[in-house]
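Welcome, and thanks for taking a look at this one with me. Please load the model in your viewer, and we will go through charges, cores and confidence in turn.

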Amino acid sequence: MTQKMNRVKASDIDLKEKVVAIKRVAKVVKGGRRFSFSAIVVVGDGNGVVGYGLGKANEVTDAITKGIDDAKKNLVEVPVLKGTVPHEALGKFGGGFVLVKPASEGTGVIAGGAMRAVFESAGIHNVLAKSKGSSNPHNVVKATFDALLKMRDPYTIAEQRGVELEKVFNG
């Protein structure tokens, strides 16, 4: 059951960007190899809004700039409850699987490189996460977004059920 994505406009908020990975890719042509670069970038406001993008160009700086522009077009809002995620979730994309669990205050971000950038950009300060399967940064970032988009906000759940917020966690 996938939630609809809550799109956000980039012009409304102050975003910080993080480069997750830069790869040099080669295209073999008649005269030899032609090199270009691809960059995966994650942007976020540190308050539940996060997005990722891929940029490709002949120069590293151009690839990063294109990645930032792409990430700003793909911003989504994820639920953050007391600096952590509301509940456990599994995310999958391609060969990449991620497990995301809420953590108590003071735990920190226990996650691998590509996932860490997503959580820090989203403003999630305490989380336990494990990457299973592919370690390819493309798949890990997209699987992390899949897990975060499956998260359900406890306030809306309480409203839908017609109960208090405490009852959602204890019931």
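A salt bridge here is a side-chain nitrogen of Lys or Arg within 4 Å of a carboxyl oxygen of Asp or Glu. By that rule, the structure holds three salt bridges. Before we meet them, a word on the basis: this is a predicted model, in which local features need pLDDT of at least 70, side-chain atom pairs count only at pLDDT 80 or more, and totals for chains, interfaces and linings use all residues. Residues are numbered from 1 along each chain as its sequence is written, and side-chain values use heavy atoms, with hydrogens and water left out.

**Overall layout**

The protein chain has five helices and eight strands, where helices (H or I, at least four residues) and strands (E, at least two) are DSSP runs numbered from the N terminus. Read from the N terminus on, the order is β-β-β-α-β-β-β-β-α-β-α-α-α. Along the principal axes, the C-alpha atoms fill a box of roughly 70 × 35 × 30 Å. Of the 171 residues in the protein chain, 40% are buried; buried means under 20% relative accessible area, exposed over 50%, and partly exposed in between, with a 1.4 Å probe and protein chains only. Contact means heavy atoms within 4.5 Å. Among contacts between residues at least 6 apart in sequence, 57% join residues at least 24 apart.

How confident is the predictor? pLDDT is its confidence in each residue, from 0 to 100. The mean pLDDT of the protein chain is 87, and 90% of its residues reach 70 or more. Confidence is highest in strand β2 (residues 32-44), at a mean of 95, and lowest in helix α5 (residues 165-170), at 66.

**The charged pairs**

Side chains of opposite charge can pair when their charged atoms come close. Here are the pairs, with the distance between nitrogen and oxygen.

| Salt bridge | N to O distance |
|---|---|
| E120 and K18 | 2.8 Å |
| E120 and R116 | 3.7 Å |
| D146 and K150 | 3.5 Å |

E120 lies in helix α2 (residues 113-122) and K18 in strand β1 (residues 16-29), so their salt bridge ties together parts that are 102 residues apart in sequence. The partner R116 shares helix α2 with E120, four residues away, about one turn of the helix. Together, K18, R116 and E120 are linked in a network of salt bridges. How accessible is E120? E120 is partly exposed, with a relative accessible area of 34%. K18 is partly exposed at 31%, and R116 is also partly exposed, at 31%.

D146 and K150 both belong to helix α3 (residues 137-150), four residues apart, about one turn of the helix. K150 is partly exposed, with a relative accessible area of 29%.

One more charge is worth a look: the charged end of R24 sits over the ring of F35, 4.0 Å from its centre. For this, NZ of Lys or CZ of Arg must be within 6 Å of the ring centre and within 35 degrees of the ring normal.

**The nonpolar cores**

In soluble globular proteins, nonpolar side chains tend to be buried together. A nonpolar core is a set of buried Ala, Val, Leu, Ile, Met, Phe, Trp, Tyr and Cys residues joined through side-chain atoms within 4.5 Å. Which residues touch the most other members of the largest nonpolar core? They are V50, V100 and F119, out of 26 residues. The elements giving two or more residues to this core are β6 (96-102), α2, β8 (127-133) and α3. Helix α3 gives the most, with seven residues.

Leaving aside neighbours within four places in sequence, F119 is in contact with V100, V109, A111, I124, V127, A129, T144 and L148. Apart from the largest core lies another, of 11 residues, among them V41, V43, A57 and L75.

**Two residues to visit**

N139 is placed in helix α3 and counts as buried, at 15% relative accessibility. Not counting residues up to four places away in sequence, N139 touches F93, G95, G96 and S134.

K82 sits in the loop between β4 (76-77) and β5 (89-93). K82 has a positive phi of about 55° although it is not a glycine. Is K82 buried or exposed? K82 is exposed, with a relative accessible area of 74%.

Conventions. pLDDT is the predictor's confidence in each residue, from 0 to 100.
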